[in-house]
Amino acid sequence: MANAVVLRNLTKTFGETTAVSRLDLTVPTGALYGVIGPNGAGKTTMIRMILSILFPDEGDLSVLGHPTALQAKDRIGYLPEERGLYKRMRVGDFLVYMARLKGLDGQGLRGEVQKWLERVDLLDCEHKRCQELSKGMQQKVQLIAAVIHRPDLLVLDEPFSGLDPMNQRQLRDLVLEEHRRGATILFSTHIMTHAEQLCDHVVMIHRGQKVLDRPMAEIRDTFDPHRILFEPLDPGADAATLRSMAGVVSITTDNSTWDVALDPGASAADVIPRLVAAVTPSRVEIRRPTLEDVFVSIVSGGAAAAVDDDARLRAAVRDGGSEVRR
Amino acid sequence: MKKIRSVAGREFMATVTTKGFVFGILIAPLLIGLLIATVPRYLTKAPPKIEGQVVVIDPTGAVTEGLTAYLTPERFAERRQKTSLEIEKATPEVIRSRTSAVPGARTAVKQSIDDALGSVPRLQVVALPGGSDQEAAKAPLKVPLPDHGAGPDTRLAVIIVDADAVRPADGRDTYGTYELFVRDKLDDRLVDDLHAGMRDAIVASRLQVAGFDGGRIRVLTSVPRPDSRTVTAEGERTTNKELNILLPAAFMILLLVSVMTSGQYLLTSTVEEKSNRVVEVLLSAVSPMELMTGKILGQMAVGLLVLALYAGLGVLALVSFATLGLVDPFLLVFLLIFFVLAYFIFASMMAAIGSAVNEMREAQSLMTPIMMILMVPWMLWLPLSREPNSLLAIVLSFVPPFSSFVMLLRMTSVSPPPMWQAWASVAVGAVGVYGALWFAAKVFKVGLLMYGKPPTFGTLIKWARMS
């Protein structure tokens with residue numbers, strides 16, 4: 001399968017600041033990639049280079065098989081982080097205009113716009129001026145502008161920011177629908193749960209460098225913290241009874257919750273029946289690594305320490321993760 | 001090309017459908033025309049009544065009588081009548097024929113002229129003997145007017161005639177004159193009448209003393225000045241001296257207004273797109289070059305609309321006054337060519353500035369030098385149109401961005417340059433356009449996504465070199 005986006009050794013500097021440094025990335029066609037990273041990490045600069053809004057100082061890129069996105073603009077949809085609409089333009093007219101810029105023909109365009117507006121519950125806003133819409137509504141209009149031409153590559157920069165939970169869900173469904181249609185989706189976010197819920201694959205950028213580039217499932221396996229959350233039914237139960245159990249390294253108590261750290265060689269499936277037999281629980285849960293843990297640990301631990309260093313990352317997740325929880 | 005067309009179409013429609021454009025470009029001129037037509041009518045509908053005394057201290061004893069005669073209501077009415085006839089004579093035939101064709105129009109026009117000239121003053125000339133106390137005579141001028149205005153006894157002016165105003169002093173051959181003291185805020189038309197009356201009375205007295213027949217001399221020295229007539233292949237017509245000066249100015253104003261209007265709109269819309277953050281959405285669909293080209297072309301259409309509108313009105317006015325023959329249609333073609341050249345240079349600068357700044361306020365400092373450049377031909381209009389082949393005029397007509405304005409000015413002047421110079425100026429202008437577009441494209445590409453510190457011209461040049 002051909003790759004939708006390929007970045008090789010991409011570097012972009014602004015004066016003294018290096019926004020993106022020697023970045024390599026391959027996004028296969030049809031994939032749903034999440035790009036995460038703290039503010040100022042270089043996500044938006046990378047996205048702008050993919051879209052040929054900015055041009056790299058060094059490195060090569062390929063977008064939908066072309067050396068520049070300028071040759072494939074009509075096949076790309078883009079929702080930028082900095083949202084903008086023509087304030088005085090009517091919603092329907094704006095969408096028709098954007099569709100035309102994306103190469104769609106005038107015939108039946110108005111109908112297509114209405115169909116999309118109806119899809120996001122904004123049909124009654126077709127003749128309203130953009131400035132009359134709420135922020136969430138404007139965001140939905142912009143998303144329609146990004147997908148109305150059924151792009152092969154959809155790039156969304158912080159698509160969920162500023163949306164209420166209902167609109168977030170609607171947007172997520174729409175993105176997934178586009179993915180099912182076959183579009184390659186690349187979106188950036190600093191809200192980790194969105195990446196976890198949506199992505200097949202996560203790329204983490206920190207200080208302009210890629211510090212993580214793995215499938216979601218692999219991240220879960222690799223960064224498994226080997227911890228079990230245990231809540232005893234009897235609030236007076238003594239945690240010390242479990243400390244000596246085989247496979248258990250330590251237990252940290254936090255009110256009624258015990259955080260049981262397992263030996264890296266131990267399996268949760270083996271340890272849990274023994275824990276339950278020793279102390280009757282009200283809740284037992286295998287602690288999963290969250291992207292937030294990975295993110296925070298990399299950001300707080302420094303990118304240099306984390307670059308392609310699984311062992312140190314794993315350690316950072318363990319230590320940092322428990323700290324975060326506390 | 002299709003995308004450029006879409007951008008241009010949106011730019012055009014977004015501009016011409018704004019209230020600002022409709023009001024500023026379409027309705028404002030109509031309103032101004034309406035005001036010009038109606039306001040003077042209302043302003044002069046009831047001119048203030050002038051009534052009061054004019055005191056004359058006349059040691060010669062020969063001037064007061066002449067002045068009194070000059071200031072009688074009958075003589076005032078007679079003079080008004082004469083002026084009214086002169087105005088009517090100066091009115092173009094086309095308007096005269098139309099007013100006489102419409103019932104009541106002639107009376108209305110006559111009434112308007114009479115109103116404009118003011119009502120006939122009712123003045124009483126009071127003669128005081130020479131040697132009267134001048135300060136005492138002037139004192140009533142300081143007394144404020146009563147609330148109901150001036151009455152028959154209100155002193156309006158004091159005239160003190162020199163003793164030698166009619167006969168030169170012994171041993172001299174020059175005459176004296178007079179002094180005029182008036183009340184504060186006296187109608188300036190009355191002041192003019194008093195001067196004219198004094199001149200008339202003194203000259204008449206001097207002639208009489210010298211033994212000449214005043215009436216005879218007036219007849220002998222009167223030579224009516226005829227209008228010169230311009231002879232052309234199409235026939236003869238009255239020479240319109242004013243038009244010879246105004247035509248170049250009219251063409252340049254047309255060029256300036258259309259170029260500045262559309263350039264200003266381009267700046268505003270670019271700044272708006274940038275500050276609204278819609279520019280990044282657009283750049284995901286079109287390249288910076290396509291966006292800039294579309295915007296420039298869209299606003300050029302706006303400029304052409306303005307040009308067509310105003311030039312059309314001008315042509316219409318010339319047709320109405322039967323003076324269309326004064327404008328060579330070829331000049332209109334050159335107006336169009338020079339508009340395109342001047343517009344592209346100006347618009348390129350506006351696009352560059354618009355893309356570089358974050359808000360309109362920041363654009364002002366960058367705009368100042370551009371506006372000053374545009375003002376140069378305007379400031380030099382009179383010397384350039386009087387001396388269209390001076391060294392300055394020739395040099396400026398080959399230096400973009402002045403070239404378009406100055407060459408058009410020269411071409412519409414009384415001694416236009418040879419045709420090869422016009423075409424050479426067009427060629428130089430085209431090179432200027434290329435340079436301006438190149439610079440603007442470089443700055444536009446970098447500036448659109450730059451936010452933060454307001455740039456200077458130095459920054460723009462740096463971006464152009466960097467891009």
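1. Start in chain B with a loop. Pro401(B) sits between α16 (391-396) and α17 (402-411) of chain B. The peptide bond that joins Pro400(B) to Pro401(B) is cis, with omega at about 5 degrees. This is a predicted model, and the cis bond is worth a look by eye.

2. Chain B as a whole. The chain has 19 helices and 6 strands. Of its 467 residues, 41% count as buried. Its accessible surface is about 24600 Å². Carbon and sulfur atoms supply 65% of that surface. Take the contacts in chain B with a separation of 6 or more: 76% of them link residues 24 or more positions apart.

3. Helix α13 of chain B. This helix covers residues 329-356, which makes 28 residues. At 1.5 Å a residue it should span 40 Å. The C-alpha atoms at its ends are 41 Å apart, so the expected and modelled spans agree. The helix is mostly covered, with 21 of the 28 residues buried.

4. Helix α1 of chain B. Here 15 residues, 2-16, should span 21 Å at 1.5 Å a residue. The end C-alpha atoms are 21 Å apart, so this helix agrees with the expected value too. Which residues of α1(B) are buried? The list holds Lys3(B), Ile4(B), Ser6(B), Val7(B), Ala8(B), Arg10(B), Glu11(B), Thr15(B) and Val16(B). Among them are the charged side chains of Lys3(B), Arg10(B) and Glu11(B).

5. Glu158(A). Now chain A and its backbone. Glu158(A) is not a glycine, yet its phi is positive, at about 50 degrees. The residue lies in the loop between β6 (153-157) and α5 (165-181) of chain A. Is Glu158(A) buried or exposed? Its relative accessible area is 4%, and buried means under 20%, so Glu158(A) is buried.

6. Arg207(A). This is another residue other than glycine with a positive phi, near 50 degrees. Its loop runs between β8 (201-206) and β9 (209-215) of chain A. The relative accessible area of Arg207(A) is 58%; the cut-off for exposed is over 50%, so this residue is exposed. The two cases thus part on burial: Glu158(A) is buried, whereas Arg207(A) is exposed.

7. Phe14(A). This residue belongs to strand β1 (residues 3-14) of chain A. Its relative accessibility is 35%, which falls between the 20% and 50% limits, so Phe14(A) counts as partly exposed. Which residues does Phe14(A) touch, not counting those up to four places away in sequence? They are Ala19(A), Thr45(A) and Leu54(A). Asp57(A) is 43 residues from Phe14(A) along the chain, and their C-alpha atoms are separated by 9.7 Å.

8. Cavities. Rolling a probe the size of a water molecule over the atoms shows where empty space is left. Searching the whole structure gives 2 cavities of 30 Å³ or more. The second largest holds about 30 Å³ of space. Its lining draws on both chains: Tyr78(A), Met98(A), Lys102(A), Ala145(A) and Ala146(A) from chain A, with Val281(B) and Ser284(B) from chain B. By class, the lining residues of this cavity are 5 nonpolar, 1 polar and 1 charged. Lys102(A) is the charged one and Ser284(B) the polar one.

How values were computed. Residues are numbered from 1 along each chain as its sequence is written. Chains are lettered from A and ligands numbered from 1 in the order in which they are written. This is a predicted model: local features need pLDDT of at least 70, side-chain atom pairs count only at pLDDT 80 or more; totals for chains, interfaces and linings use all residues. Side-chain values use heavy atoms; hydrogens and water are left out. Helices (H or I, at least four residues) and strands (E, at least two) are DSSP runs, numbered from the N terminus. Buried means under 20% relative accessible area, exposed over 50%, partly exposed in between (1.4 Å probe, protein chains only). Contact means heavy atoms within 4.5 Å. Accessible areas come from the Shrake-Rupley method with a 1.4 Å probe; for residues, only the protein chains shown count as cover. On a 1 Å grid over the protein atoms alone, a cavity is a set of points where a 1.4 Å probe fits but cannot get out, and a pocket is an open set with protein on both sides within 12 Å along at least five of seven lines; lining residues have an atom within 4 Å of a point. Grid points are joined across faces, edges and corners, and a volume is the space filled by probe spheres set on the points. The expected span of a helix is 1.5 Å times one less than its number of residues.
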